[in-house]
Structure formats: C-alpha cells, structure tokens
Amino acid sequence: LRLGEGVDLAALAARFALPRLVDDAAITRLAALGLVQRSGARLQVTDQGMGVLDALLAQVVADELVSA
C-alpha cells in the first residue's frame with residue numbers, strides 16, 4: 001500500500017489462497033474520511049492517508065489474518 005498504485009486485492013487473495021484480506025467496513029469508513037480509495041479490486045492509500053499508513057493497516061487487515 002505504500003506504493004502510489006496501491007494493491008490489487010483480488011490478485012493477492014488468489015495468489016495466497018485467502019478468502020478475505022480486508023475489513024470492508026473499515027475501508028468504507030476510511031474512504032469516507034479521505035484516507036483510502038477503492039477502485040474495483042484495487043485499494044490505494046491517498047496522500048492524506050500516507051502519514052498514518054501504519055494505523056490504517058491495523059484497521060484494514062481482516063481480523064482472521066492477524067494472529068495474536
């Protein structure tokens with residue numbers, strides 16, 4: 001996500017055989033704040049969101065992918 005072009009979530013999910021990579025509700029909330037944008041399967045962090053990227057990742061990554 002640090003790259004300007006963002007990531008293709010569908011391609012990543014297929015590559016690693018994962019059903020869900022992100023929390024869609026979190027993406028919707030963060031997009032409304034102007035911190036991320038989604039275009040189809042591509043997720044990008046906006047210029048506004050780059051300064052808080054680590055915090056965004058903690059919210060965006062699906063809970064089932066995070067191990068305690």
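Between which two elements does the loop that holds Thr46 lie? The loop in question is the one between β3 and α3 (47–50), and point 5 below returns to this residue.

1. The note concerns a predicted model, and its remarks should be read with that in mind. The chain holds 4 helices and 3 strands, and, taken from the N terminus on, these elements follow the order β-α-α-β-β-α-α.

2. On overall dimensions, a compact globule with 68 residues would be expected to have a radius of gyration near 11 Å, and the chain, at 11 Å, agrees with that expectation. Taken along the principal axes, the C-alpha atoms fill a box of roughly 30 × 25 × 20 Å. The accessible surface of the chain amounts to about 4400 Å², with 56% of it belonging to carbon and sulfur atoms, while 29% of the 68 residues count as buried. As for the contacts between residues at least 6 apart in sequence, 59% join residues that are at least 24 apart.

3. The largest nonpolar core has 14 residues, of which Val22, Val36 and Leu43 touch the most other members. The elements that contribute two or more residues to this core are α1, α2, β3 (42–45) and α4 (53–60), and among the contributors α4 gives the most, with 3 residues.

4. Helix α4 deserves a closer look, since its two sides can be described separately. Leu53, Leu56 and Val60 are buried in this helix, and, seen down the axis of α4, the buried residues fall within an arc of 55°, so they line one face of the helix. An α-helix has 3.6 residues a turn, so residues three or four places apart point the same way. The buried residues of α4 pack against α2, β2, β3 and α3, whereas on the other side of the helix Asp54 and Ala58 are exposed.

5. Thr46, although it lies in a loop, between β3 and α3, is buried, with a relative accessible area of 16%, which is under the 20% taken as the limit for that class. If its neighbours within four places in sequence are left aside, Thr46 is in contact with Gly34, Leu35, Val36 and Gln37; of these residues, Val36 also appears in point 3, as one of the core members that touch the most others.

6. Ala17 calls for a check of its backbone, for this residue has a positive phi of about 50° although it is not a glycine. Ala17 lies in the loop between α1 (9–15) and α2, where it is exposed, with a relative accessible area of 67%.

7. How many salt bridges does a search of the whole structure find? The search finds 1, formed by Asp24 with Arg38, whose closest N and O atoms are 2.8 Å apart. Asp24 lies in helix α2 (residues 24–32) and Arg38 in strand β2 (residues 36–39), so the pair ties together parts that are 14 residues apart in sequence. Side chains of opposite charge can pair when their charged atoms come close. As to their surroundings, Asp24 is partly exposed, with a relative accessible area of 40%, and Arg38 is likewise partly exposed, its relative accessible area being 40%.

Note on methods. Residues are numbered from 1 along each chain as its sequence is written. This is a predicted model: local features need pLDDT of at least 70, side-chain atom pairs count only at pLDDT 80 or more; totals for chains, interfaces and linings use all residues. Side-chain values use heavy atoms; hydrogens and water are left out. A salt bridge is a side-chain nitrogen of Lys or Arg within 4 Å of a carboxyl oxygen of Asp or Glu. Buried means under 20% relative accessible area, exposed over 50%, partly exposed in between (1.4 Å probe, protein chains only). A nonpolar core is a set of buried Ala, Val, Leu, Ile, Met, Phe, Trp, Tyr and Cys residues joined through side-chain atoms within 4.5 Å. The radius of gyration is taken over C-alpha atoms; the globule rule is 2.2 Å times the number of residues to the power 0.38. Contact means heavy atoms within 4.5 Å. Accessible areas come from the Shrake-Rupley method with a 1.4 Å probe; for residues, only the protein chains shown count as cover. The arc is that of the directions from the helix axis to the C-beta atoms.
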